[in-house]
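Visitor: Before we start, I would like to understand the reasoning behind the words used for a model such as this one. Could you take me through it step by step?

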Amino acid sequence: MSKKTPLTRWLTSAATLLALGAPLAQAQSLDALKADATTPGDVLTYGMGYNNQRYSPLTQINAHNVDKLQPAWVYSLNNPQGQESQPIVHNGVMYVTTFNATMAINPLTGKQLWKTDIELPQDVFKYACCGILNRGVAILDGVIYRVSLDAHVLALDAKTGKQLWKSKAANYQDGHAMTSAPLIANGVVMTGIAGGEYGTRGFVDGWDPKTGKQLWRIYTTAAPGDKGGNTWPGDTASKGGAPTWLTGTYDPELDLVYWGTGNAGPWNPQVRLGDNLYVCSVIAFRPKTGEMVWHYQFSPNDPYDYDAT
């Protein structure tokens with residue numbers, strides 16, 4: 001019997017873990033998403049679990065042998081822009097994104113299984129804030145969900161990459177952009193928005209995973225007449241920022257989603273005197289309805305561009 005190298009042993013272990021993880025993940029159910037942090041044979045959520053802590057309980061690779069790791073394969077993303085995509089791994093397939101494509105890859109060999117390009121308007125790059133990138137996908141019931149730089153949400157068949165639906169969240173020419181990985185909780189696909197530097201109004205959207213229908217929207221600046229609307233002078237909330245450009249977290253037991261909001265706009269706090277709810281805050285809401293349950297604001301009036309995302 002030939003002696004196994006550390007790399008061979010690692011690949012064998014990875015294959016075993018993928019096989020072990022497959023039965024639970026095969027159903028791709030909401031229960032599988034809830035269990036993601038405790039099933040190291042797959043990665044089904046952004047952050048490797050609803051708590052977004054990116055922690056793995058695996059111990060085979062540790063402080064004593066990590067220096068022995070060697071590259072097993074290299075896959076070119078064929079993209080010169082910044083790469084911030086966190087891979088999703090399910091049933092022996094890895095899903096990775098760039099700003100203009102989604103790829104399915106064999107995680108043990110690096111072989112591309114399929115690639116689906118995104119056609120973007122040529123002028124999107126001069127409007128997009130803040131970085132030409134994408135942070136990854138979400139998965140449920142054999143469907144991959146992602147967003148695009150021109151503020152759309154897309155659903156793709158996980159086996160083939162075929163687009164199932166595409167929904168518009170906002171007009172990118174108004175300064176809105178979408179870069180974060182969606183969050184799926186209690187049967188709803190949720191997405192955030194970027195563009196707080198460009199005089200936009202932040203929000204979180206809830207989408208029907210089957211049809212792409214928009215179910216609800218939470219605006220993250222309080223308009224006149226809304227609760228907290230008196231914390232903005234005049235109509236400044238309509239361009240007040242509070243973007244939601246990083247993926248939130250979810251507590252299944254409480255059925256609450258927690259989402260951070262970003263900087264206020266414009267940067268000069270003197271033109272928007274007041275606490276400016278809900279900039280630089282964490283908001284807690286119900287995934288089924290978008291009902292806001294509570295909020296906590298870290299930086300009232302946000303004079304320093306402190307993102308709380």
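Guide: The turns below set values of this predicted model against the cut-offs behind the words.

Visitor: What makes the protein as compact as a globular protein of its length?

Guide: The protein contains three helices and 16 strands. Its radius of gyration is 20 Å, and the globule rule gives 19 Å for 309 residues; the two values are close, so the protein counts as being as compact as a globular protein of that length. Along the principal axes, its C-alpha trace spans about 75 × 45 × 40 Å.

Visitor: Why is the pair of Phe-99 and Phe-125 called edge-to-face?

Guide: The search of the whole structure finds eleven aromatic pairs. In this one the ring centres lie 5.8 Å apart and the planes stand at 85°; rings pair if their centres lie within 6.5 Å, and planes over 60 degrees apart count as edge-to-face, so the pair is edge-to-face. Phe-99 sits in the loop between strand E2 and strand E3, whereas Phe-125 belongs to helix H3, 26 residues apart.

Visitor: Why is Tyr-296 with Phe-298 given the name edge-to-face?

Guide: The centres of their rings are 5.2 Å apart and the planes are at 70°, so this pair is edge-to-face.

Visitor: How do you know whether Phe-99 is buried or exposed?

Guide: Buried means under 20% relative accessible area, and Phe-99 has 9%, so Phe-99 is buried.

Visitor: And what makes Phe-125 count as partly exposed?

Guide: The relative accessibility of Phe-125 is 34%, and partly exposed is the range between under 20% and over 50%, so Phe-125 counts as partly exposed.

Conventions:
Residues numbered from 1 in each chain as written. Predicted model: local features only at pLDDT ≥ 70, side-chain atom pairs only at ≥ 80, totals over all residues. Heavy atoms only, no water. Helix = DSSP H or I, 4+ residues; strand = E, 2+ residues; numbered from the N terminus. Rg over C-alpha atoms; globule rule 2.2 N^0.38 Å. Phe/Tyr/Trp six-rings, centres within 6.5 Å; stacked < 30°, edge-to-face > 60°. Buried < 20%, exposed > 50% of the residue type's maximum accessible area, 1.4 Å probe, protein only.
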